[in-house]
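Subject: Structure for you to look at

Hello,

Here is the structure I said I would pass on. Please open it and keep it beside you while you read the notes below.

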Amino acid sequence: MAYVDILAVECADPVAKFADDLKFTITFQCKTKPQEDLEWRITWVGSAKSEDHDQVLDEVLVPPELGVNAFEFVVDGPDVSKIPGGDMLGVTVVMVQALYKGREFVRVGYYVTVEYEDEKLREDPPDVDRPDPALLQRNILHTEPRVTRYLIEWDDAGNTLPSAMPQSVPSAEVIPGMQSAGAGAEGGSSSSIAAMQPTATA
């Protein structure tokens with residue numbers, strides 16, 4: 001049984017300048033108090049072609065208390081110098097991830113559309129290798145999250161996974177008001193756009 005359930009993730013300012021801060025309010029329920037803090041992470045996928053361009057925008061440790069917990073997670077926008085010029089426009093992904101003892105137990109992913117803010121530039125984009133980030137806006141599709149839960153080992157020796165199972169097992173479970181999806185790889189460490197695609201899970 002999972003010690004912690006995520007109840008809601010709210011995205012403030014889903015439409016904003018590309019480089020603006022990202023703001024999320026995360027609500028979770030702690031049914032059994034873990035021995036250690038929870039790690040929360042926000043990751044920006046820089047390219048669908050390679051995970052090498054993924055950016056961990058920030059990580060924080062949150063001490064869980066029994067019952068319902070909530071906190072605001074504000075991070076800087078992505079570093080544009082780490083995003084290939086050809087991948088700056090179009091659809092990408094931002095993910096809110098929760099880990100315990102280095103093992104991811106839930107991921108909430110959002111598709112993000114990055115485009116020119118000016119309608120004329122959207123219709124007739126400049127022929128440049130790298131768009132000017134000051135001219136771009138992002139639109140986080142906050143009403144359509146993809147949620148993946150993972151079975152992990154917590155603290156109780158009687159609450160461990162069978163030895164034949166990987167340390168993190170994707171499980172399609174529905175969080176009320178959110179959409180559930182399978183994971184792209186066992187272990188839950190992949191942060192590519194492929195990991196956002198719904199897949200069947202055992």
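Three strands, in the order S1-S3-S6, make up an open sheet with antiparallel pairing. S1 and S6 are the edge strands, and each has a single partner strand, so one side of each has no neighbour in the sheet. From one strand to the next, the twist averages 20°. Please bear in mind that this is a predicted model.

As general background, strands of a sheet pair through backbone hydrogen bonds, in either a parallel or an antiparallel way.

The pairings within this sheet can be followed strand by strand. Strand S1 covers residues 4–12 and strand S3 covers residues 22–30; eight bridges hold this antiparallel pair. To find the place, look for Val4, which stands opposite Cys30 in S3. On to the next pair: S3 is joined to strand S6 (residues 67–75) by nine bridges, again listed as antiparallel. Here Ile26 faces Phe71 in S6, and Phe24 stands opposite Phe73 in S6.

The next strand to look at is S8, which spans residues 103–116. Of its 14 residues, 11 are buried, so to speak of it as mostly covered is fair. Which strands does S8 pair with? Strand S7 (residues 90–100) runs antiparallel to S8, and 11 bridges join the two. In this pair, Thr92 is placed opposite Val112 in S8. Strand S9 (residues 136–140) is also antiparallel to S8, with five bridges between them. Val114 stands opposite Arg138 in S9. Strand S10 (residues 146–151) pairs with S8 in the antiparallel sense too, over four bridges. Val108 has Val147 in S10 as its bridge partner.

S7 and S8 form a hairpin with two residues between the strands, and in it Lys101 takes a positive phi near 55°. Lys101 is not a glycine, and its place is the loop between S7 and S8. Is Lys101 buried, exposed or partly exposed? Its relative accessible area is 40%, so Lys101 is partly exposed; the partly exposed range lies between 20% and 50%.

Asp13 is another residue other than glycine with a positive phi, in this case near 50°. It sits in the loop between S1 and strand S2 (15–17). Asp13 counts as partly exposed because its relative accessibility is 44%.

Back in strand S8, there is Glu104. Is Glu104 buried or exposed? Its relative accessibility is 4%, so Glu104 counts as buried, the cut-off for buried being under 20%. What does the side chain of Glu104 contact? One polar contact, of 3.3 Å, joins it to the side chain of Gln97. Another polar contact, of 2.9 Å, joins the side chains of Glu104 and Arg107.

Next, the nonpolar core. In soluble globular proteins, nonpolar side chains tend to be buried together. The largest nonpolar core in this model has 39 residues, and those that touch the most other members are Phe24, Ile26, Trp40, Trp44, Val94 and Phe105. Strand S8 gives the largest share of this core, seven residues. Two of the names have come up already: Phe24, opposite Phe73, and Ile26, opposite Phe71.

Val94 is worth selecting on its own. Leaving out residues up to four places away in sequence, Val94 touches Leu22, Phe24, Ile42, Thr43, Trp44, Val108, Gly109, Tyr110, Val112 and Ile140. Among them are Phe24 and Trp44, which are also in the core list above.

Last, the chain as a whole. How many helices and strands does the chain have? Its secondary structure comes to one helix and 12 strands. From the N terminus on, the order of elements is β-β-β-β-β-β-β-β-α-β-β-β-β. The chain has 202 residues, and 46% of them are buried. Among contacts with a separation of 6 or more, 66% are between residues 24 or more positions apart. The chain exposes about 10,000 Å², of which carbon and sulfur atoms supply 48%.

Regards

Note on methods. Residues numbered from 1 in each chain as written. Predicted model: local features only at pLDDT ≥ 70, side-chain atom pairs only at ≥ 80, totals over all residues. Heavy atoms only, no water. Buried < 20%, exposed > 50% of the residue type's maximum accessible area, 1.4 Å probe, protein only. Pairing = 2+ DSSP bridges. Axes fitted to C-alpha atoms, helices over the stretch in contact; angles between N-to-C directions. Polar contact = N/O pair within 3.5 Å; in protein donor to acceptor, adjacent residues only side chain to side chain. Contact = heavy atoms within 4.5 Å. Areas by Shrake-Rupley, 256 points an atom, 1.4 Å probe, with all protein chains shown as cover. Core = buried A, V, L, I, M, F, W, Y, C linked by side-chain atoms within 4.5 Å.
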